[in-house]
Every structure is written in structure tokens, then in C-alpha cells.
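Please read the chain from its overall make-up down to single residues, keeping the sequence and the coordinates side by side as the account proceeds.

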Amino acid sequence: RSPMRNSLTDSRIKTLQAKEKPYKAADGGGLYLEIKPNGKKYWKLKYRFAGQEKKLSIGTYGSAGGEVSLKAARVAMEDAKNLLQQGIDPGLQKQLRKGMTEDQQANSFAAIALEWYVKQATSWAPATAKRNMAMLDNDILPYLGKRPVADLETFELVGCLSRISDRGAIETAHKARQIINQVCRYAKQTGRAKHNPASDLTGTLQPRQVSHMAALTNPKDFGRLLVAIDSYSGTHIIRTALALAPLLFQRPGELCAMEWTEVDLEQALWIIPREKKKERNKTEGDHIVPLSSQALALLADIQPLTGHGRYVFPNQRNHQTPIRTESLNKALRTLGYDTSEQQCAHGFRACARTMLDEQLQIRIEWIEHQLAHKVRDTLGNAYNRTKHLPERVQMMQRWADYLDHLKRQELAGNVVVGQFLRA
């Protein structure tokens, strides 16, 4: 670790005297000393995990037994940052290991869960990795973390899941069950457990409540929505993102996080990197979204405003982050649409899926490819990212023209869908 400009030194630390109130002396990188009124000096590390600011206590400054030197504190900081890069909360790991022997730590549910997480996280989208770590952090490890995985009984897992379901989070409980099952299965596969206690959890949770994303699939209703979007009086950034949502019908999280480096205005393509995709595996690449002339016009219009930054739709308060999906849903509510019953941001995918099929009679596999769904051929092989690309380019332009048609007919008060069927 190269010394930072404002790094502490042992000689400087010795000059730090106690005051009436605690105060801090920064070393850099989030590491600092907190000096208490009694003169004691405590190492702490400030860091962010899952969007929250947290603090890790490292120990008391000193060189005697049980105390932490300046060099040792910096090593501890680097170790914590290595854990963060793996998606692991160093504060939680310290808490789980407290009072455990080295052998207990190595064979605990927490140790194996974190080992499993590190191996799996490389194949997950960032949002999935963040969600799974938060579930381990908040709902699973506090109750199961210190238990030796080989000693876990099914009833203990039921108790953990019941805490989640009892607060009404049924979907979260089902996802937690999947994670627990995978961790226990991994423990069995790696010789740390003789059986998987999670394999007997079937029927312990009430069924998931299946709900569909709110979407308007009637052409006349959808035309009315499109006209309303054009009249949206909020910020230009939100209005443009909202106007692109039905044209591109990609996942709203991917649309909101669109970056200018992903957009090729000359080739009329938006290429979503595989790292951002919800469903990823080693055989799939980036996702290609052809841009219609209408989509290109919207992007060209907003480029002078946001083109100097990273994101096409930067957050108004912090330009280093993109807008959130909730911003699009809030805009829809402002326009008078109930996002739980009528239309939500994610629902534009269902709108396109239905009307491309039923109204424009587009081939299903082209639509599914454009939705970034996994599509397999008759031999069971996943199609590559460029499969049917020329046809999808034409489809996206035809879809955009159809949306313009719906808007014109809504403004004229007469939707004539049949005019747009293929000859």
C-alpha cells in the first residue's frame, strides 16, 4: 500500500490528544482513528455495502499484545476491501466469526455460504448478486451463520424461513429457501456435510402469489397511453426515458442504466453488455437492440444534455448514478396510470410481446430474441446474439411506426388496427 498524502504516521498519532468530545483522524481509504475523551484511540473503517454506509471496528491503536498497529490496521483495511470486491460484508463476517475457533469458522454455515456466494456471483448480474448478499446478510446468516453445517437440522431451516414468511414476505422466503438449499447442497458436494437438510423443505412455505406486471395490451388503450407520454411535463430526462420504454421494450433497469458507450447512433444499435443482463451464462454474449428512427431521434435530442457524461439518463441529484425504475413508474402515476393495475414500466415488455404477435403477426422467436429471453432451436442450442438480426431490425422499425400509427389514430379518435397488418 503506497502512502497517501494525508496518511497517518506513528509520530503524528502520538501527538493526538484527548478532547472533550470524540474526534477522528483520517488515514485514507476510509480508515481512521477515533480518539475518545479518555485518550483511547480506536481504528475504524468506513465503507458502503448494499447502498448503506457502515463502519467496521478494527481494534485499539498500539503495539502491545491485543492492540493494533498502524501497519496492521492498514492490512485489515485491505482485507476488508478484498471481501467487498467479492460482494461480502466484512462487518457481518467479523460478527459471525466472533467467539468461534478456527475449525468452527471453517465449517460453519456462514463460511460455506460465503464460499458458495463467491463462486456463484461471477455468473450473476450485479443486481442479482446484491440481492442475494442482502438476503444472506439480513435474513439467513444472523440465524444460521454460526451453526456447523454438518449439524444443521431441517427444523432449524424451517424456523429461519418462518421468520421471513411471518412478516408477509412470501416471495423473499421462497428465494431464501433456494439459497439455503444451494448452500447445503454445496456443503454436501464438497464433503462438509453428509446430507442436505434443505431437501425436505417442500411444503413448509405457503405458495407464491403469482402476479403479472400491469400492462395495457389493447391497442386503443395503448395509443391513449402513448399520447399521454408525449404530453408528460416532467424533466426532459425522465420524459425521454419514458418515451423510449415502449419503443425498445427492454427491462426498465437496463433502460435506466443505459450508457453512451453502449449506444452506436451510426449503426443504430444499443448493445447491452452481458454483465448487465438479468440472465447470464458463459455461452451468451451481449444483447443487441436495434434502434428505430424514432428511437434515434430521441437519443440524438437528449445527447447535448447528457452526452458528456456516462449515463444517458443520469440521476438529477447524483450524475454518477442513473435514474431508477421507480422514476418511470412515478411518471406513469403522474399521468394518471395505476402502476399495479394498469401500466408499469416493466409492463411495456408484455405490451410489445402481445401486440407484436397479435396485431403485427411477427414471428414469436424474433420477439423472444428481442426480449432477451432464452430461445432454443430444435436441437436445444441457444441462438446466438445476432440470430435473426436483420429481421429484428425491420421488426423494431415496424413496431415504432405502429406506435406512431396508434398515436395518430388516438388523436383522430379512431383506432384502425387492421391497416397495419402485413400484406
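A contact here means that heavy atoms lie within 4.5 Å. With that cut-off, residues 24 or more positions apart account for 58% of the contacts in the chain that have a separation of 6 or more. The model is a predicted one, and its chain holds 16 helices and seven strands. Of the 423 residues, 45% count as buried.

A convenient place to begin is the sheet. Four strands make up an open sheet whose order is β1-β2-β3-β4, with antiparallel pairing. Its edges are formed by β1, which covers residues 23–28, and by β4, which covers residues 52–60, each of them pairing on one side only. From one strand to the next, the twist averages 30°. Helix α2, spanning residues 70–85, packs on this sheet and touches β1, β2, β3 and β4, while its direction makes about 15° with that of β3. As background, the strands of a sheet pair through backbone hydrogen bonds, in either a parallel or an antiparallel sense.

The pairings around β2 can be followed residue by residue. On one side, β1 and β2 run antiparallel and are joined by five bridges, and A25 has L33 as its bridge partner in β2. The hairpin of β1 and β2 has two residues between the strands, and G29 takes a positive phi near 70° there. Strand β2, residues 31–35, also pairs with β3, residues 41–49, in the antiparallel sense and again over five bridges, with L45 of β3 serving as the bridge partner of L31. β2 and β3 likewise form a hairpin, in this case with five residues between them, and G39 in the turn has a positive phi of about 95°.

How are the side chains of β2 arranged, and are they buried or exposed? In a regular strand, side chains alternate between the two faces of the sheet. In β2, L31, L33 and I35 point one way, whereas Y32 and E34 point the other way, and all are buried. The strand is accordingly described as mostly covered, with five of its five residues buried.

A further detail involves the segment before α1 (10–14), where S7 lies. S7 counts as buried because its relative accessible area is 13%, which is to be read against a cut-off of under 20%. The side chain of S7 reaches the backbone oxygen of D27 at 3.5 Å, and the edge strand β1 (23–28) is the element whose range takes in that position.

Elsewhere in the chain, attention can turn to a pocket. The second largest pocket has a volume of about 420 Å³. It is lined by 15 residues, of which I238, N315, Q316, S327 and K330 are the closest to its centre. The elements giving two or more residues to this lining are α10 (236–248) and α13 (325–334), and α13 gives the most, with five residues.

Notes:
Residues numbered from 1 in each chain as written. Predicted model: local features only at pLDDT ≥ 70, side-chain atom pairs only at ≥ 80, totals over all residues. Heavy atoms only, no water. Pairing = 2+ DSSP bridges. Axes fitted to C-alpha atoms, helices over the stretch in contact; angles between N-to-C directions. Buried < 20%, exposed > 50% of the residue type's maximum accessible area, 1.4 Å probe, protein only. Polar contact = N/O pair within 3.5 Å; in protein donor to acceptor, adjacent residues only side chain to side chain. 1 Å grid on protein atoms, 1.4 Å probe; cavity = no way out; pocket = protein on both sides within 12 Å on 5 of 7 lines; lining within 4 Å. Points joined across faces, edges and corners; volume = space filled by probe spheres on them.
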